[in-house]
Amino acid sequence: MKIVPMITLLVLSGLPASVAASPVGSGQLRHVIFILKENHTFDNYFADFPGANGATTGSLHNGRTVHLRQAPDWLADIDHDWNSALLGINDGQMDGFNRIQGARQNGRLVNYSHYSDADIPNYWAYASAYVLADNFFSSMHGPSFPNHLYTIAASSADAINNPPGNIWGCDAGPDVTVPVLQANGKTMPKQPCFDIPTVADELDGAGLAWRYYGPRPGSSGGQWSAFGAIRHVRYSSEWETNVVGNAQFFTDAADGNLPAVAWITTSTEESEHPSFGDQCAGENSTVRIINALAASPQAASAVVFVSWDDFGGWYDHVAPPQIDALGLGARVPLLIISEWARHGFIEHQELEFSSIPRFIEDLFGLPYLTARDARSNTMLDAFDFTQTPQSLLTLTLHTCRKAR
């Protein structure tokens with residue numbers, strides 16, 4: 001595989017080529033695992049979590065305030081593309097979500113709703129025992145494809161929406177395009193197959209292992225395979241050796257063979273994406289992953305980040321900072337789970353998906369990729385390397401209700 005010359009790129013762009021020294025004790029962490037689920041805002045999952053900045057009421061564009069109802073177990077998809085995100089955010093007034101297509105279903109304003117701790121008890125258990133970030137934003141306005149790219153590259157190559165169809169990235173075919181934002185504010189259609197530098201390139205250059213665990217393009221959930229949109233990975237041997245199925249994670253965890261960095265996505269049925277699979281099945285899939293890590297010989301040296309890739313059309317009350325033309329987008333939850341994580345800590349720093357590459361870069365002494373990860377906060381305040389480490393929780397799967 002041809003390594004992209006990261007340091008050269010950074011010098012030319014004016015970004016710092018080195019990172020700040022990690023705090024004493026951060027060497028306890030040698031494995032970073034990032035689980036990315038689908039389509040929920042912070043208020044939708046943690047509206048009334050104690051001590052967090054949640055809300056159980058929401059503002060409509062006509063000035064009315066409504067209570068966030070109990071979320072249904074199943075609903076049709078709510079629009080959550082670039083324009084829908086801008087409509088909901090409404091220049092920071094956060095009162096346009098009721099105007100999004102799909103907001104009303106069966107006579108109810110479904111996107112002004114939230115799940116309770118009884119609906120997602122294990123996510124609340126993780127948040128109570130470890131770290132919940134309540135100021136974590138999607139990296140850009142809009143949907144999955146560009147936000148997933150930020151998690152591996154601190155950039156979306158300026159793509160702003162999903163490609164059409166169920167196969168994205170380089171496998172989408174020559175006639176499939178995605179809108180890419182230009183400097184003049186207009187968009188240009190381009191194939192969703194890019195050659196931007198990624199965290200994986202940095203890890204390769206440093207001799208550190210990585211894997212992306214998830215479904216293949218064309219299978220259930222395969223559209224979210226982010227490295228499928230990176231040409232120099234998709235058409236290299238790493239597509240077979242480093243981009244692998246979900247089952248391989250459980251084998252690697254049991255064998256003590258987890259890489260330095262792992263990204264995990266799931267099938268649509270376990271993604272928590274409205275209309276594809278409910279939040280209960282998705283929560284259970286996350287618990288299986290963390291339970292497997294808890295039983296692994298590498299548990300003590302690992303940290304798990306769990307987040308949701310975009311707002312999914314759901315209401316959130318916190319206006320995202322606008323740091324550039326692409327975002328930030330609406331707020332989503334982030335869980336930080338580790339034996340070294342602070343107990344019951346609410347992380348209030350401003351964070352985004354580029355904070356994941358930043359954390360990896362700081363931990364392993366790698367250069368920054370873009371202005372986004374370079375400006376991001378580090379998240380190292382979420383850990384206490386002087387504490388006695390607490391063993392990872394092993395939780396019981398939640399019994400899922402039938403849809404109401």
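Which residues of the largest nonpolar core touch the most other members? In this predicted model, they are Phe46, Phe227, Trp263, Phe305, Leu335, Phe359 and Phe383, out of 118 residues in that core. Residues are numbered from 1 along each chain as its sequence is written, and side-chain values use heavy atoms, with hydrogens and water left out. Because the model is predicted, local features need pLDDT of at least 70 and side-chain atom pairs count only at pLDDT 80 or more, while totals for chains, interfaces and linings use all residues.

**The nonpolar core**

- A nonpolar core is a set of buried Ala, Val, Leu, Ile, Met, Phe, Trp, Tyr and Cys residues joined through side-chain atoms within 4.5 Å, where buried means under 20% relative accessible area, exposed over 50% and partly exposed in between (1.4 Å probe, protein chains only).
- The largest nonpolar core has 118 residues, and strand β15 (residues 302-308) gives the most to this core, with six residues.
- Helices (H or I, at least four residues) and strands (E, at least two) are DSSP runs, numbered from the N terminus.
- When neighbours within four places in sequence are left aside, phenylalanine 46 is in contact (heavy atoms within 4.5 Å) with Gly54, Tyr123, Trp124, Ala127, Leu132, Pro333 and Leu335.

**Salt bridges across the chain**

- Side chains of opposite charge can pair when their charged atoms come close.
- The whole structure holds 12 salt bridges, each being a side-chain nitrogen of Lys or Arg within 4 Å of a carboxyl oxygen of Asp or Glu.
- Aspartate 252 and arginine 211 form one salt bridge through their side chains, at 3.4 Å from N to O; aspartate 252 lies in helix α9 (residues 247-255) and arginine 211 in strand β12 (residues 210-213), so the pair ties together parts that are 41 residues apart in sequence.
- Arginine 372 and aspartate 324 form another salt bridge, with their closest N and O atoms 2.7 Å apart; because arginine 372 is in helix α12 (residues 371-375) and aspartate 324 in the loop between β15 and β16 (334-338), this pair ties together parts that are 48 residues apart in sequence.
- Asp43, Asp316 and Arg331 are linked in a network of salt bridges.

**Burial of the paired residues**

- Aspartate 252 is buried at 2% relative accessibility, and its partner arginine 211 is also buried, with a relative accessible area of 18%.
- Arginine 372 is buried at 5% relative accessibility, whereas aspartate 324 is partly exposed at 33%.
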